[in-house]
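Colleague: Could you take me closely through one part of this predicted model, namely a single strand and what surrounds it? I would like one connected account rather than a list.

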Amino acid sequence: MIKEKIVEEIKSCEKLLIGIGEEWNAKETGDIKELYEKLNRMIQGKDYFIVTTVTDGEIRKSSLDQKRIVAPCGNETWRQCSKSCTKDIWEPLEIPDDICPHCGQPLTGNTIKAEEYIEEGYLPQWNAYTYWLSATLNKKLLLLEMGVGFQTPTVIRWPFEKTASINNKAHLYRIHGSFSQLSDTVKGKADAISENSLEFFRSL
Ligand SMILES: [Zn+2]
């Protein structure tokens, strides 16, 4: 019943905001590519934006519109200097020996786990996201939050609650195996689904 409702709301919403969190880490699932392709088919033609905290870069290889994705926690397949001597970021295999051409130190993944995270990797898309978000205020907005726990709640979880609470036409679905609880600020505008979001989405 709730699944049919979500599919129907995806079709009828004007704006669709999707949050993807740690449950979607490819290391824990074998069919992540298929799931991103399924997501792409489901939201084809919608005015959507995806915020993800997953850093494995798998979403970048999918058919999803890359201009509608922001990954504020970074991308392991993009490389940066481990000593952050430069703000340069390199594509996978652009530097075959994985050594910084400026200072000779090893490169590391361009993610929040780097000693000094070079945020320039995601900032242009973050600006695109905040611009997109500013146009959702009086629109019928569906927020679909899948697998976002408390590793970095300031990126998706708390802002999504705030966005839902200030928009009268918003509806939030929070799907998570163990952290689906909702704050009081979204009472009546949100549903918590206590199920692993990957399993839930597979059967959607
Ligand atoms: Zn360097």
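Modeller: Leu16 has Leu142 as its bridge partner in strand 6, and this is one point in a parallel pairing of strand 1 with strand 6 that runs over 6 bridges. Strand 1 also pairs in the parallel sense with strand 2, over 5 bridges, and there the bridge partner of Leu17 is Phe49. The connection to strand 2 involves a helix, since strand 1, helix 2 and strand 2 make a right-handed β-α-β unit.

With pairing to strand 6 and to strand 2, the next matter is how far strand 1 is covered. Buried means under 20% relative accessible area, and 6 of the 6 residues of strand 1 are buried, so the strand is largely enclosed by the rest of the structure. The side chains divide between two directions: Lys15, Leu17 and Gly19 point one way, while Leu16, Ile18 and Ile20 point the other way, and all are buried.

Turning to the nonpolar cores, the largest has 29 residues, and Ile18 and Ile20 are among those that touch the most other members, together with Trp24, Ile43, Ile50 and Leu64. Strand 1 (15–20) is one of the elements that each supply at least two residues of this core, and others include helix 1 (2–12), helix 2 (32–43), strand 2 (48–52) and strand 6 (141–146). Helix 2 gives the most, with 5 residues. Within this setting Ile43 is worth following by eye: leaving aside its neighbours within four places in sequence, Ile43 is in contact with Leu16 and Ile18, and also with Ile10, Tyr48, Ile50 and Leu64. Leu17, by contrast, is included in a second, separate core of 20 residues, as are Val51, Tyr117 and Val155.

For completeness, the model also holds a zinc ion, which is coordinated at 2.3 Å by the SG atoms of Cys81, Cys85, Cys100 and Cys103. The angles among its 4 donor atoms are 105 to 116 degrees, and the site is tetrahedral. Along the chain the donors follow the spacing C-x3-C-x14-C-x2-C. Cys85 and Cys100 both lie in the loop between strand 4 (74–81) and strand 5 (107–111), so the pair ties together parts that are 15 residues apart in sequence. Cys85 counts as partly exposed, at 40% relative accessibility, whereas Cys100 is buried, with a relative accessible area of 2%.

Key
Residues are numbered from 1 along each chain as its sequence is written. This is a predicted model: local features need pLDDT of at least 70, side-chain atom pairs count only at pLDDT 80 or more; totals for chains, interfaces and linings use all residues. Side-chain values use heavy atoms; hydrogens and water are left out. Donors are N, O and S atoms within 2.8 Å of the metal (3.2 Å for Na, K and Ca); water is not among the atoms, so sites may look incomplete. Four donors count as tetrahedral if all angles lie between 85 and 135 degrees; four count as square planar and six as octahedral if opposite donors are over 155 degrees apart and all others between 65 and 115; anything else is irregular. Helices (H or I, at least four residues) and strands (E, at least two) are DSSP runs, numbered from the N terminus. Buried means under 20% relative accessible area, exposed over 50%, partly exposed in between (1.4 Å probe, protein chains only). A nonpolar core is a set of buried Ala, Val, Leu, Ile, Met, Phe, Trp, Tyr and Cys residues joined through side-chain atoms within 4.5 Å. Contact means heavy atoms within 4.5 Å. Two strands pair if DSSP finds at least two bridges between them. A crossover is right-handed if, with the strands pointing away from the viewer, the path from the first strand over the helix to the second runs clockwise.
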